[in-house]
Amino acid sequence: MEKRKGLPVLLLLAALALSGCGGQQGEASPTAGPEGGQEAAASVLNKAQGPLGDAVRALMEPYQETLSQAAQKSPESLAYTIPGDLLNQMALDAEAAGAQALAGRWRFTRHETGDYTYEATAWEAMDEYVQEGSATPNPADETPLDSQLNGDYAVSGGGLFDRARDYDVSEDLSSGTVTLTDSLNGQTTGSELFRFCVRNGELVFADAALDTTVQDGAATGDSYLAAVGILRADGLETVEYRLTSLDELPDPAALNFSRFLRTVSPVTHVSMQTEKPSK
């Protein structure tokens, strides 16, 4: 999904360094995230144990053929992996934290913290920037780079990193909310809000992640990249678009997708029907 793209070079490098490290409070891995695609989702799914892991597998099972075909047909967007990634991660986190459902809901927070460092040369930074999909700069259109950004110039940083995942999900997995927040030395470096509901056999979801920039060494953001979608046993439809406030994220339980689609300017829009396996 495009939400992880477009970060300034130094923040991107820090994020890559941090997201590759495991937490210090258990074996739960960082959220697989849409970039991991179906392989990452399947990996997390296979590791989830206990009653919540079984419940998540049962919830996602009707959509597996749709997800498998979407992975082959829709390389421009991986938004459809979001529900499976986050719900599977929830099962892992519940096991690691020893969480229990109370009063019909799963309500708990899982933290991963640690001291991390990163270091990169200017050339590595440029490589990462290009790999994230940025067009090759045109020297005639760009401000010349400072001479320090050439040769062996290197940057380093780090500090106390914290990743918090807050869950508030019904025990029967019919609806819920997940909030994710990353911080480095107390400064927010990333945040995400995910909501879902199961409605007439369809898994409807809405997700928004902070589009982050760097100002004076601190990560800030004033917009979000959102993904709204419906998973069905016989197909799916997703749209990615930008919004300025989490208050604008629709409620999956009340979503009329065709009407909603007319109100946004899509970054990507995927609609597909699941093909029946040939006999």
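Select G229 to begin: this glycine is buried, with a relative accessible area of 0%. The model on display is a predicted one, and G229 serves here as the point of departure for the tour. Colour by secondary structure and G229 will be found in strand β6, which covers residues 218-232.

Next, display the surroundings of G229. Leaving aside residues up to four places away in sequence, G229 touches L203, V204, F205, E237, T238 and F257. Then add P83 to the selection and draw a distance between C-alpha atoms: G229 and P83 are 146 residues apart along the chain, yet their C-alpha atoms are separated by 9.6 Å.

From F257, one of the residues that G229 touches, proceed to the aromatic side chains. Select Y241, F257 and F260, which together form one aromatic cluster. How many aromatic pairs does the protein contain? The count comes to 4. One to inspect is F194 with F196, a stacked pair whose ring centres lie 5.8 Å apart, with 15° between the planes. Are F194 and F196 buried or exposed? Both are buried.

Finally, return to the whole chain. The protein comprises 7 helices and 8 strands. Of its 279 residues, 44% count as buried. A surface representation shows the exposed area, about 14200 Å², of which carbon and sulfur atoms supply 49%. A contact map offers a further view: among contacts between residues at least 6 apart in sequence, 68% join residues at least 24 apart.

Methods. Residues are numbered from 1 along each chain as its sequence is written. This is a predicted model: local features need pLDDT of at least 70, side-chain atom pairs count only at pLDDT 80 or more; totals for chains, interfaces and linings use all residues. Side-chain values use heavy atoms; hydrogens and water are left out. Helices (H or I, at least four residues) and strands (E, at least two) are DSSP runs, numbered from the N terminus. Buried means under 20% relative accessible area, exposed over 50%, partly exposed in between (1.4 Å probe, protein chains only). Contact means heavy atoms within 4.5 Å. Accessible areas come from the Shrake-Rupley method with a 1.4 Å probe; for residues, only the protein chains shown count as cover. Rings of Phe, Tyr and Trp (its six-membered ring) pair if their centres lie within 6.5 Å; planes under 30 degrees apart count as stacked, over 60 as edge-to-face and the rest as tilted.
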